[in-house]
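Subject: The structure we talked about, with notes

Dear colleague,

Here is the structure I promised to pass on, and below it you will find my notes. Please keep it open while you read, so that you can follow each point in turn.

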Amino acid sequence: MVGDEYVLKSCPTGYRFYNLSLALQECQPCPRGAHCEAEQGPCQMCVDCQPGYYKDTISNHSCVQCPVNSYGPEYGATSLSRSRRYLPPLRFLLFALHYDAF
């Protein structure tokens, strides 16, 4: 408490600390395509999801890894619609089939 006003000291996990003034402080979830990343103390800002991850909701959740055999090449992906299907090279498949025969 500062004077007659309460001071927000931290936010729940996954929420960022948003402070416009002493009178206007709140905890906000990160937007689509971003998540809170704080090593110590409260999260101050949202960070874009890394390539290969996405977040399709405004929430306190972390970014989700793209499904097996797919990959999203962009930072801040908000859906799987931009993900690309990834198939292993043909030589890997032939090698795997060769050893499955034994």
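Which residue does a disulfide join to Cys11? The partner is Cys27, and the two sulfur atoms lie 2.1 Å from one another. Please bear in mind throughout that this is a predicted model, and that the values below are computed from it.

Staying with this first topic, the link of Cys11 and Cys27 has -90° about the S-S bond and is left-handed. Because Cys11 belongs to the segment before β1 (15-19) whereas Cys27 sits in strand β2 (residues 25-29), the pair ties together parts that are 16 residues apart in sequence. The two ends also fall into separate classes of accessibility: Cys11 has a relative accessible area of 16% and is buried, while Cys27, at 27%, counts as partly exposed. The cut-off that matters here is that buried means under 20% relative accessible area, and so a residue at 16% is classed as buried.

By the distance rule, a pair of cysteine sulfur atoms within 2.5 Å, the count comes to 3 disulfides. Another of them is formed by Cys30 and Cys46, with the sulfur atoms 2.1 Å apart. The torsion about this S-S bond is about -90°, and therefore the disulfide of Cys30 and Cys46 is left-handed. It links distant parts of the chain, since Cys30 is found in the loop between β2 and β3 (34-36) and Cys46 in strand β4 (residues 46-48), 16 residues apart. Both Cys30 and Cys46 are buried.

There is also a disulfide between Cys49 and Cys63, where the distance from S to S is 2.0 Å. With a torsion of about -80° about the S-S bond, the link of Cys49 and Cys63 is left-handed. Cys49 lies in the loop between β4 and β5 (53-54), and Cys63 in the loop between β5 and β6 (64-65), so this pair ties together parts that are 14 residues apart in sequence. Cys49 and Cys63 are both buried.

Which cysteine sulfur is nearest to that of Cys66? It is the sulfur of Cys49, 9.3 Å away, and Cys66 is in no disulfide. Since a disulfide needs the two sulfur atoms within 2.5 Å, that distance of 9.3 Å does not meet the rule. Cys66 is nevertheless buried, with a relative accessible area of 9%.

I also looked at one residue that is not a cysteine, namely Gln25, which has its place in strand β2. At 16% relative accessibility, Gln25 counts as buried. If we leave aside its neighbours within four places in sequence, Gln25 is in contact with Tyr6, Val7, Leu8, Phe17, Tyr18 and Asn19. One of these, Tyr6, is 19 residues from Gln25 in sequence, and the two are 9.4 Å apart in space from C-alpha to C-alpha.

Finally, some notes on the whole chain. The secondary structure comes to 1 helix and 8 strands, and from the N terminus on the elements run β-β-β-β-β-β-β-β-α. Of the 102 residues, 23% are buried. The accessible surface comes to about 7,800 Å², and 55% of it belongs to carbon and sulfur atoms. Among contacts between residues at least 6 apart in sequence, 31% join residues at least 24 apart.

With kind regards

Note on methods. Residues numbered from 1 in each chain as written. Predicted model: local features only at pLDDT ≥ 70, side-chain atom pairs only at ≥ 80, totals over all residues. Heavy atoms only, no water. Helix = DSSP H or I, 4+ residues; strand = E, 2+ residues; numbered from the N terminus. Buried < 20%, exposed > 50% of the residue type's maximum accessible area, 1.4 Å probe, protein only. Contact = heavy atoms within 4.5 Å. Areas by Shrake-Rupley, 256 points an atom, 1.4 Å probe, with all protein chains shown as cover.
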